[in-house]
Each structure stands twice: as C-alpha cells, then as structure tokens.
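Me: Could you take me through the aromatic contacts of this structure and explain the labels you use?

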Amino acid sequence: MVFDQVRQRRLSDDIVDRLEGMILEGTLTSGQRLPAERVLAEQFGVSRPSLREAIQKLVAKGLLVSRQGGGNYVAESLGSTFSDPLLQLLEHSAEAQRDLLEFRHTLEASCAYYAAQRATEPDRVRLKAAFDTLQDCYARADEVTRAEEGAADARFHLAIAEASHNAVLLHTIRGLFDLLKRNVVTNIGGMYQQRTETRDMLISQHRELYLAIVEGRAEDAREVSSRHILYVQEVLEEAQDEAQRVARAERRSGR
C-alpha cells in the first residue's frame, strides 16, 4: 500500500484564504485600502514576510492592487459589472430600463427574503441607518434632488443585499450599484410626474419592506419587495403609454 505524502501548507496560504473570504463576504469592498502591513500582521498574528507573500499571491490573482508607497487595495474591477460607456447605453434605452426592472423583481425579492431570515443585529443597525436616510429624503422632498433620493434608495436596497448573507446576491447588487442608482433616479422622475400619490406609495412600501425584514417575516418581505417593483413597472408603463398617445395626437394634428 502506498500513501501520498502529507504536504504542509504555507502560512501565507492561510492568510490568502482569510483575505479571500473577507472579499467574498463583502467585508473588504472594491477599492478599499487594507490596513498597513504592520497592523494587518498584528491582527492576523503572523509575521510581516508571510503577510507580504500572501499579498503578492492575491495581487497575482487580480484581487489586490499594490501601489508604490500607497499601500494595498482591493481591486476596483471587482465592483464593476458594467463599464461606463455601457452604463450610458443602458441608461438611455427604455427597453433596457424595463429589462432592469424585471431583473430587480427577481433579485431584490430574494435579497429581502434571505435578509429577513439571516439579518444579524449589526445588519439591522445598518439597515435602519439606510432606511432613516431614505425617510429623511422623503421628508425633505422640496430640498432633496432626485440624485440624492435615488442614491439613498439604492443604498437601502444594497443594505438589504448585505443582510441577506448571500455572497452572489451581494456582489451582483454591488456590481450593479451605479446602474441601479441611475435606474431609480430615472424611475422616480417619471413616476412623480405620472401619479400624485407615488411618493406616499413609495414611502409606505419601503417602510413595509423594512419592518418585514427586521421582524424576520421572510415571506412577507419577499412579497412586499415583489409588489414594490411591480408598482414601479405599472406606473412607468402607464407614463410611457400616455407619452405615446400624446405623440400620436401631435403627429395627427400636424397633418
């Protein structure tokens, strides 16, 4: 009988595993600077040479970027699902905006469901902060720009994704964050013009979603999230249909 030799792992491989896990779970985010090597080595309880070896391995994998004299950073590319030119194309395409809403319908409902099941106390604290910021935007409707409100709305949904503790859902939402933010800004502009009750409906839906998650009502959270996106789709389709009718009427009057 022949036995394979037991290969001893290098300490740097354990450090690589730890840092990769932190990136995967979202503790380390794209573009974030790592603590200084001395501090990080002390926190991990390892030598600086072992830490440097681990960092070099992660740089080779494209997960970290080392800047001469500027420290080590999580690669920016990890948070970029779409390039800026593609973002602009998607932003100005009505069909792509509809596609994004359909995608959000599936994605955000799952995030809400798992967040209600898995949110920890720190998650609930972050979620409350994001919800309070969004509520403040609603309360200062005459002072807040659409861009500010859109960013607050997108950050609230990002906080839900973080609370889901699903790495794939989280990184998908993070990768789409800029597109999501622009989509929300575009949506609220069209919705507020179409229906006077839209702001009150959005306030109510977001509050209902927040409470379902923090109270651990997973099925309710999924249903509210789904209903929220369906409402947005309904109002925007109504606005689009009306715009098409107006355009037809104007063409006829110009004959």
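Reply: Happy to; what follows deals with ring pairs and with charges over rings.
This is a predicted model, in which local features need pLDDT of at least 70 and side-chain atom pairs count only at pLDDT 80 or more, while totals for chains, interfaces and linings use all residues. Residues are numbered from 1 along each chain as its sequence is written, and side-chain values use heavy atoms, with hydrogens and water left out.

Me: Why is the pair of Phe131 and Phe156 called tilted?
Reply: Rings of Phe, Tyr and Trp (its six-membered ring) pair if their centres lie within 6.5 Å; planes under 30 degrees apart count as stacked, over 60 as edge-to-face and the rest as tilted. Phe131 and Phe156 have 5.9 Å centre to centre and 50° between the planes, so they form a tilted pair.

Me: What makes the pair of Phe131 and Tyr210 stacked?
Reply: The ring centres of Phe131 and Tyr210 are 4.4 Å apart and the planes are at 5°, so this pair is stacked. Ring pairs link Phe131, Phe156 and Tyr210 into a cluster.

Me: How do you know whether Phe131, Phe156 and Tyr210 are buried or exposed?
Reply: Buried means under 20% relative accessible area, exposed over 50%, partly exposed in between (1.4 Å probe, protein chains only). Phe131 has 8% and is buried, Phe156 has 0% and is buried, and Tyr210, at 12%, is buried too.

Me: What makes Arg222 a charge over the ring of Tyr113?
Reply: The rule asks for NZ of Lys or CZ of Arg within 6 Å of the ring centre and within 35 degrees of the ring normal. The charged end of Arg222 sits over the ring of Tyr113, 4.0 Å from its centre. Arg67 lies over the face of Tyr73, at 3.9 Å from the ring centre.
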